[in-house]
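Me: I have this model open next to its sequence and I'd like a close look at one loop, then a walk through how the rest of the packing goes. Could you take me through it slowly?

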Amino acid sequence: MKNIRNFSIVAHIDHGKSTLSDRLIQTTHVVLDRDFKDQILDSMDIERERGITIKSQTICLPYTAKNNQSYFLNLIDTPGHVDFTYEVSRALASCEGALLLVDASQGVEAQTLANLYLALEHDLEIIPVINKIDLPSADIDRVKQQIEDDLGLDPETVLLTSAKEGIGIEEVLEGIVNCLPPPSGDPELPLKALIFDSHYDSFRGTVVHIRVFQGTVKPKDVIMFMSNKAAYKVEEVGIFQIERIPRKELSAGEVGYIIAGIKTVSDTRCGDTITLKHRPCNAAMPGFKETKPVVFSSIYPVASDGYEDLAVGLEKLKLNDASLIYEKDTSVALGFGFRCGFLGLLHLEVVQERLEREYDLSLILTAPSVRYELIMNDGSSKII
């Protein structure tokens, strides 16, 4: 366990998280050069076009340090946008440390602070990294001063990199090995694992992304989700190296996946705790909450005969996006459709684009609205 490091990269939008991830993956030779492409962890077309991360990914990087020890560095990638803050918080709960990335020309910005506070809430060890030092407008001294004044971090510990040019990547890897603590936990205790993400595989069912805090999980174990008491038999466990690599077991401190023939993604809730059915742990991991939609909009097909296709498209999309909520809706002008709840405006745009591209639908969306709570004169309240 002392040779494992679990870390995340947090930053303001567009400060170079995905590019740094790319360089770390290239430097540790997880992917052959001929198979490599930019933004390799962003698998959706929309992510590549907009240059944002929507669905977080995980990758295990094997690295031999300068002290000739072999390490496994688990990079738990996080979405950059504020709509997905809860998913970021669950990913950070799975780590022991974080790289805080700051742009050398723009300096400390709003989400740099917000993400730093999120990381500190989880007691993470922070390594500040100044990225894009190759830019003509880079002002390293000013940014170091900001890191000291605004973030309260030691400017002496700052690492300087240019992810685009590949400068300083070895120093970042050494920093992860030397400055971040290894995970703790007893493999002999009852299983306690945190779900920080999941995705749907049309052949295997739901693939659950987990971080094991104590105990061991292996195929043929019967696991239980603590929020809804659903039990499943494990078919496969393993780690992520772009592809899924099966392993004999996952034990305390490790990050990987479980496949257990789970048909619905809504059973695997982000932030839930997995334990063994016949030997449960005494308490669930703290911080679990149901994701609540904030923005509401109704979706209708342009042609009335497209309703069935829309219903199928939403059902399939729900398998990959557990935070999407929808119910049937009708309108005098637009006919039959669905009323949907989203985490924010970006989430709404992403869902609309994915429905139109992946399921070839033509859609009309009503203007987004929020929930109102009305307090009546008699003191009762009503949500509209």
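Reply: Let's start with Pro219, which sits in the loop that links strand S9 (216-217) to strand S10 (222-225). Keep in mind that this is a predicted model. Is Pro219 buried, exposed or something in between? Its relative accessibility is 31%, so Pro219 counts as partly exposed. If you set aside neighbours within four places in sequence, Pro219 still has company: Val234, Glu235, Glu236, Val237 and Lys248 are in contact with it. Take Val237 from that group: it comes 18 residues away from Pro219 along the chain, yet the two C-alpha atoms are separated by 6.5 Å.

For contrast, go back to Ser8, in strand S1. Ser8 has a relative accessible area of 0%, so it is buried. Again leaving out neighbours within four places in sequence, Ser8 touches Leu75, Ile76, Thr78, Leu92, Cys95, Gly97, Ala98 and Leu99. Val88, 80 residues from Ser8 along the chain, has its C-alpha atom 9.5 Å from that of Ser8.

Leu99 is a good one to follow from there. Beyond its neighbours within four places in sequence, Leu99 is in contact with Phe7, Ser8, Ile9, Val10, Leu20, Ile127, Val129, Val172 and Ile176. Leu99 also belongs to the largest nonpolar core, which has 26 residues; within it, the ones touching the most other members are Phe7, Ile9, Leu20, Leu24, Leu73 and Leu99. At least two residues of this core come from each of strand S1 (4-11), H1, strand S2 (58-64), strand S3 (70-76), strand S4 (97-103), strand S5 (125-131) and H6. H6 gives the largest share, 5 residues. Apart from this core there is another one, of 24 residues, with Val88, Leu100, Ala104 and Leu153 among them.

Now for H1 itself. H1 is mostly covered, with 8 of its 11 residues buried. Those are Lys17, Ser18, Leu20, Ser21, Asp22, Arg23, Leu24 and Ile25. What lies over them includes S1, S2, S3, S4 and H6. After H1 comes His29, with a positive phi near 55°.

How do H1 and H6 sit against each other? Helix H1 (residues 17-27) packs on helix H6 (residues 169-179) at about 85°, and their axes are 10 Å apart. Roughly perpendicular is therefore the right description of the pair. On the H1 side the contact uses Leu20, Arg23, Leu24 and Thr27, while H6 brings Ile169, Glu170, Val172 and Leu173. Sorted by class, the residues of that contact are 5 nonpolar, 1 polar and 2 charged.

There's another helix pair to look at further along. Helix H7 (residues 307-320) and helix H8 (residues 345-358) have axes 10 Å apart, at an angle of about 125°. That angle makes H7 oblique to H8, and the crossing is right-handed. In this contact, Leu310, Gly313, Leu314, Leu317 and Asn320 of H7 meet Val351, Arg354 and Leu355 of H8. The class split for H7 with H8 is 5 nonpolar, 2 polar and 1 charged.

How values were computed:
Residues are numbered from 1 along each chain as its sequence is written. This is a predicted model: local features need pLDDT of at least 70, side-chain atom pairs count only at pLDDT 80 or more; totals for chains, interfaces and linings use all residues. Side-chain values use heavy atoms; hydrogens and water are left out. Axes are lines fitted to C-alpha atoms, for helices over the stretch in contact, and angles run from 0 to 180 degrees between N-to-C directions. Helices (H or I, at least four residues) and strands (E, at least two) are DSSP runs, numbered from the N terminus. Angles under 35 degrees count as roughly parallel, over 145 as roughly antiparallel, 65 to 115 as roughly perpendicular and the rest as oblique. Contact means heavy atoms within 4.5 Å. Ala, Val, Leu, Ile, Met, Phe, Trp, Tyr, Cys and Pro count as nonpolar, Asp, Glu, Lys and Arg as charged, and the others, Gly among them, as polar. A nonpolar core is a set of buried Ala, Val, Leu, Ile, Met, Phe, Trp, Tyr and Cys residues joined through side-chain atoms within 4.5 Å. Buried means under 20% relative accessible area, exposed over 50%, partly exposed in between (1.4 Å probe, protein chains only). A crossing is left-handed if the near helix is turned anticlockwise from the far one by less than a right angle, and right-handed if clockwise.
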